Structure formats: structure tokens, C-alpha cells
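Trainee: I should like to discuss the cysteines and the ligand site of this model. May we begin once the structure is displayed?

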Amino acid sequence: MRTELATLLNNYQEAHRSLFYLQSFDLSVVAQIIERMQQLSSGNTFKVKVFNPAFGAFELKNPLIYPATASANNAAPDLLHFLQESHEQELNFAYTRAEGIAADEVKLSDPEQVLVLVLQDCHDLLQPQHPQSGAISACLKGIADSSRFIDHYQVIVLMVSPVMVLPPAIEEYITLLDMPIPEYHEISKIIDNYAKAMGITIDEDTSQVLSRSFKGLNAYQIRQILNLAYHNGGEISLHDQVLILQEKAQVIRKSGFLELMNFSETMDDIGGLENLKEWLNVKEKIYKNFDKAIRFGVDAPKGILIFGMPGCGKSLCAKATANKFGLPLTRLDVGRLLGKYVGESEQNMRKALALAEAISPCVLWIDELEKAFAGVGSGGSHEVTTRLFGQFLTWMQEKESSVFIVATANNIKMLPPEFMRKGRFDEIFFVDLPNADERQQIIKIHLKKRKKWNFKINTNELVEKTEGYSGADLETVVKTAIEAAFVRSLQSSDGNYELTSQDLLDAQKSIKSISQSMSKQIEELKDSCKDYDIRSASKSK
Ligand code: ATP
């Protein structure tokens, strides 16, 4: 169970910690957290002062109200002065209280005052190159030390900014806080409260589905979407899931660590691979009833590794899986995570995986897995790649989230053997060059896609002649035949020329199959899987 942030802060404060950094842009959440701290504390009063580089010092109210002018005398807001003044005020309070206790005028058990200083968006003032940053750091350090050593001196400094800047001089003193994103039941409550405030009803099914879809977004984003949905249609309905997906797409794009894929491919666009499709049918049922399945005792699926021949539908499967499960498809490009500073790549990987979890349920696609972690285990990899690989593997092993991994690869021999162990992927499938039945289906799919399928076309001979062709080769045959038929139609008197079976056969003659053009590599790939007991994605011929 997640510890509530307000409880955590109260506990820290009792342990005399006083400097905190919360990476967030939303000050209204801070007001709620402090209100909650006040409720949870044993009668202490919380005096809250906010400092903002534009507005200076002001009181924190819920709902949030910024002052109209920068300060009474229009002087530039001065953080150092604000901290010094607050420190002095708290010192006075602490000494007065100590004297009161000594004189028996105040009981030790009487509630105390906790001074909460919220520094909003002060990151620039904390940068080492800022002229005042040394003095500001020293003052913050003074406040932290006073909290530890002076009785009745209780100050919490909460630095709140979307940009994290930790001054090196006080880094050790600062506790980083994670801005929690609401859990399922909290999201339901936000939806409920919103409906009540707007005087609308949202039926239970809709509320449940939306609560699950909203997962990964913060309270501010959720309210924004509810607002948008309500003002768009005067109600909140299942159609508003589109808005949620759009918002999630923004979160992903802004991060730069993952790529959100646009796709329209469905399982019907894939010819053959029936074993793989059947396996995905079961996982689809789990994903579409995720909470129920987990309550029933089903393990959260981890994902699949699909490897095999180039151009035979592996990427197509990643896209169609996301479509089948009704989930966004995000792509992890490990190369993009590599940074130039020590530890940067690992931090990027952590952020990418955390982001995938945050926006889950989703499909996480890792293309060319063998290249992403090239050389790991054989001594040929870069140290950083080995560490990223370890990090990814641990995450895979431990993950209980609804992130479904689809990893695709060509050469299984180039994959670190750890990937092949039980407990990593739920299943590993080998995609071979399509058999006769599959070729028949693939040709038909591509003809239909281009509205050129008709009962006069007979593809039997083409199927026979295309043994060793990949799905991509077959698509090229279809495209070439249609192109040729079009050119011919320009020459016919009525411009009405239908594609024929012969056009397809003619096109096939001009296109070499992958087995011919890359014969050595294809033989190697076939050989590579003989050493492993791996399921075929296709039903046997
Ligand atoms: P690579 O290993 O080179 O990345 P891949 O196995 O991921 O290849 P895809 O990108 O999925 O191959 O396939 C390329 C194109 O070939 C697809 O966009 C699709 O049009 C066609 N294709 C391949 N296999 C099939 C199939 N089984 N059914 C229908 N079309 C297919």
C-alpha cells in the first residue's frame, strides 16, 4: 500500500527533517497535502507561507489565489530575505515557548506551531550560477540545522517546481518526494466528486472503465480532461477515452523516452501465424478483464518475444496486438536512452520504464531486441549497455503492472541467453517464411486492401511459385502487379482494365524472394532456432 504523502511528510518532520523537494507544477495539490497534514497531526497548527519569484510572499489558500502585485512596495521579491525573516520568526516562537514551559505557563503537551515554507518555482534561484544561491543554500542549511537542534523550532521547507535543481551544498539535507499519481480508487473519487460538482450522473460501468484508463495521469490532468469532456458534450461517457489517450500521448511525447505509435493494423491484416493469434486471444481476455483476472489469481502477463525471418509480420503483430487489446502502443528505443553523463543512461531507462508503468495498461514494443542489447554476455558490449540490460531484466522479472511487452528480433543467437529463461517472457514464438496456406491468405489480404480482390483471380499458381517469399515480398508482388495493370489500363480504349491472375504471375517473375536475395542469412536464421525448443507462430502445413 502506498503511504500517503501527508503522513510521510508528518513522519519526516517528527524525525526532524525539514528540507523537501517535490517535482510538480501543481501548487493546488500542495495546498491539499498541507490541509491533510494538519488533519493528521495531533492538534499542531500549520502556518503556511508561499514564496514565488514573481509574486513574492503570499498565503497559500485552497483554491489557490495569487496576489495581485509583486509586493507592497514593488521591490523585487527576495527569497533570501523571506527565508531569513521566517527563520527569525520561528526562532522567536521556539524561544518564547521554551520560556513559557520553563515558567509553567505553557504545558509541554500543548499543540505546537509548524511553519511550512513553500518555495514555488524557485529552481533558478537555486542554480549554483545564481549570485544569491550560496547565501540561499546557507540559509536553508541553517533552517535544517535549527530544526534538528533547537527545541520547538519546527519548519518544513517544501520546494515545489517541475524542474529539479538540488544545490550541491545542501543536497544531503534534501529529501526528494514523489508526487503520487492517484490510484484506481482515488481516480473513482475524483470522477465522483466532479460529477457531483457539475450535477451530472456517470453510470458505474463508465466510471470504472474511465478510472482504469485515467491511470498514469495526475489529478490535475484528470480534472482537465473531465472538464473538456463535459464542455464538449455536456456529459461524461466512454467516448471520452479518446481524450484520455490524447493526454497520455502528450505525456509520452513530452518525455522523449518512449515513442507513441500510430497504427491501424488489426489481426485481420495478418495472414497465417495462427498459433500466435490463438495465444493472443487468451491474453486479450485477461487484458480486457485485468482487475477481475488478477483477483481470480491470474498472473499479470509479461509479454512475448517474436523472432524470425525478416519481413514476415513481426512488427505487424506488435501493432495488431495493441489494437486487439485496445491499448496504446509505445516503442522503447534503447539507443535513445544513452546519455553522455555517468549514470544518465540508467536514469533514462528508469524513467522510461516508470513512464510505461504510469501509462499502463499499454503495449511496450521493443523492436530489434538483439541490437538494443548487442554483445551483452559475450564481452562485446559496452559497460552501460550491460547495465541497462540488467536493469531491464530485473524490471521484467519483477513487474506486476499491466505493461505488455512485445519484443521482436531477427536473430535469436545474438540475444543474451537470459532472455530465454523461464519467467522472462510468457512465450517465445518463431516466425518462419509463410507456408502455402499463409501465402494464400497474405496475397488475398493485400489484394483486398487495395480493393483488387475478385472471384476471377486465381492465386493457386502464384502460391506454388512463391515458396521462400516473405510476407513483405508477397506484398511487393501484389503492388507491382497492380501498378502494371494500371499502366495497361491507360492504354486500353475504355480505360477499364481489371487486374488478372497473369498480372500477378508476371510480377512474381520480376521479384526475387528474400530466400534468394539473402540466402546465407536466411539459412543461418533457420539454423539458429534448431538449438532451442521454440513454438512456431504458424500452424504446421
Ligand atoms: P523485420 O524483421 O525486417 O523488421 P518484420 O517481420 O517486422 O520484418 P513486418 O514489418 O511486420 O515484418 O512486415 C513488413 C510488411 O510485410 C508488412 O507491413 C506487411 O504489409 C507485410 N507482411 C509481412 N508478413 C505479413 C503477414 N503475415 N500477413 C500480411 N502481411 C504481411
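Trainee: Is cysteine 122 buried or exposed?

Mentor: This is a predicted model, in which local features need pLDDT of at least 70, side-chain atom pairs count only at pLDDT 80 or more, and totals for chains, interfaces and linings use all residues. Residues are numbered from 1 along each chain as its sequence is written, and side-chain values use heavy atoms, with hydrogens and water left out. Buried means under 20% relative accessible area, exposed over 50% and partly exposed in between, with a 1.4 Å probe and protein chains only. Since its relative accessible area is 3%, cysteine 122 is buried.

Trainee: Why does cysteine 122 form no bond with the closest cysteine sulfur?

Mentor: A disulfide requires two cysteine sulfur atoms within 2.5 Å, and the whole structure has zero disulfides. Cysteine 139 is also buried, at 13% relative accessibility. Its sulfur is the closest to that of cysteine 122, but it is too far for a bond, at 13 Å.

Trainee: Which atom of the ligand lies 2.8 Å from a backbone N or O atom of glycine 271?

Mentor: A polar contact is a pair of N or O atoms within 3.5 Å; within protein, one must be able to donate a hydrogen and the other to accept it, and residues adjacent in sequence count only if both atoms are side-chain atoms. For asparagine 410, a side-chain N or O atom is 3.0 Å from a ligand oxygen. For glycine 271, the ligand partner at 2.8 Å is a nitrogen atom.
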